[in-house]
Amino acid sequence: MAGSCAPIYIDGQRFGDHHVISGVGIDRGGSKHILGIELGATENAAAVKNLLTGLRDRGLRTDQQYLFVIDGAKALRAGIEAVFGSDQPVQRCRNHKMRNVLDELPRAQHAQVVNVMRAAWKLTDFDEGMKRLEGLARFLEHDYESAARSLREGMAEMFTIQKLKLPPTLYTCLGTTNVIESPQSGVQKRTNNVTRWRDGAMVERWVASAWLLTEKHFRKVIGHRNFWALAVILGREKASDASEKVA
């Protein structure tokens, strides 16, 4: 099943003093699947590489393209390049970016900045979206240089789904890490009864079991009927074959 997933979401979660990185993929039909877990934070380069190497060993071919959706951690980006190559499309989570920018601004500026960022992300043209956010960065840098710097960091990868010319119906599920964060809440609920995490092995056992239970309640993602477009753009299928399957 791992090899059939095109978008792959990677995110971290904390359990006591321990961190766990998880990978969730979506198949062509829009169904979610837990692909693997690894002890460590998304900022831990060794843990990230171990997770991605494990995914490769379980069937994710390195000669195919995927769309990786991540929170922007540099270790995640470096791990993807090291294991799957530098040509892999990567979409930065827009929610994480917005929170990072707002953290650098006074509350009075939040509403305007949120509106501009959301409007830019709705545009279907990559260059126009970049232009809008660069204009916002220039506006902010006069009084809030750190916010402008945060906005510009990795800006192009916030518009990867536009650059790939994907249908706007897929922007909601592919523009953020919500697809993995939502089931992570289910994992959290199923481990809430643990009052003390003795060691990493215990964390791995409980988290793996919680993920498998949570996976049984997965629903198809929003816009799943247009996932054929992603398969075609990533070179997984020919447009003619994809249209026949949709029909």
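## Two cysteines, no bridge

At 4% relative accessibility, C173 counts as buried. Keep in mind that this is a predicted model. The other cysteine to look at here is C93, which is buried too, with a relative accessibility of 2%. Both fall on the buried side because the cut-off is under 20% relative accessible area.

So are these two linked? What does a search for disulfides turn up? Across the whole structure, the count is zero. C93 is in no disulfide, and the cysteine sulfur nearest to its own, that of C173, sits 13 Å away. Seen from the other end, C173 is in no disulfide either, and its nearest cysteine sulfur is that of C93, 13 Å away.

## The sheet

Next, the strands. Five of them make up an open sheet with mixed pairing, in the order β3-β2-β1-β4-β5. At the edges are β3 and β5, each of which pairs on one side only. Ignoring direction, neighbouring strands are turned against each other by 25° on average. Strands in a sheet pair through backbone hydrogen bonds, and they can do so in parallel or antiparallel fashion.

For the antiparallel kind, look at β2 and β3, which are joined by seven bridges. One spot to find on screen is I26, which stands opposite K32 in β3. For the parallel kind, go to β1 (residues 7-15) and β4, which pair over three bridges. β4 also runs parallel to β5 (residues 90-92), again with three bridges between them.

## Strand β4 up close

β4 covers residues 67-70, and its side chains alternate: L67 and V69 point one way, F68 and I70 the other, and all are buried. F68 is a handy landmark. In β4, F68 is the bridge partner of I8, and F68 also stands opposite V90 in β5. To get from β4 to β5, the chain passes through helix α2 (residues 74-84), and this β-α-β crossover is right-handed.

## Helix α2 and its neighbours

α2 packs on the sheet, where it touches β1, β4 and β5, and its direction makes about 160° with that of β4. The buried residues of the helix are A75, L76, R77, G79, I80, V83 and F84. Among the elements covering them are β1, α1 (45-57), β4 and β5. Right after α2 comes G85, whose phi is positive, near 100°.

Did you spot the arginine in that list? R77 is part of helix α2, and R77 counts as buried because its relative accessibility is 18%, against a cut-off of under 20%. Which residues does R77 contact, once neighbours within four places in sequence are set aside? They are I70, Q88, V90 and E157. R77 and E43 are 34 residues apart in sequence, with 10.0 Å between their C-alpha atoms.

A different helix, α9, lies across β1, β2 and β3, and runs at about 35° to β1.

## The nonpolar cores

In soluble globular proteins, nonpolar side chains tend to be buried together. Here the largest nonpolar core has 32 residues, and L174 and W211 are the ones that touch the most other members. Which elements each supply at least two residues of this core? On the strand side, they are β1, β2 (18-26), β3 (32-39) and β4. The helices are α8 (171-174), α9 (178-190), α10 (200-215) and α11 (227-233). The biggest contributor is α10, with five residues.

To see what surrounds L174, set aside its neighbours within four places in sequence: L174 is then in contact with P7, Y9, L67, V69, Q91, I161, L166, F227 and L230. There is also a second, separate core of 21 residues, which includes L35, I80, V83 and F84. I80, V83 and F84 are among the buried residues of α2.

## An exposed lysine in a loop

Last stop: K165, found in the loop between α7 (160-163) and α8. Is K165 buried or exposed? K165 counts as exposed because its relative accessibility is 69%, and the cut-off for that label is over 50%. The backbone is worth a look as well: K165 has a positive phi, near 60°, in a residue other than glycine.

Methods:
Residues numbered from 1 in each chain as written. Predicted model: local features only at pLDDT ≥ 70, side-chain atom pairs only at ≥ 80, totals over all residues. Heavy atoms only, no water. Buried < 20%, exposed > 50% of the residue type's maximum accessible area, 1.4 Å probe, protein only. Helix = DSSP H or I, 4+ residues; strand = E, 2+ residues; numbered from the N terminus. Pairing = 2+ DSSP bridges. Right-handed = clockwise from strand over helix to strand, strands pointing away. Disulfide = S-S within 2.5 Å. Core = buried A, V, L, I, M, F, W, Y, C linked by side-chain atoms within 4.5 Å. Contact = heavy atoms within 4.5 Å. Axes fitted to C-alpha atoms, helices over the stretch in contact; angles between N-to-C directions.
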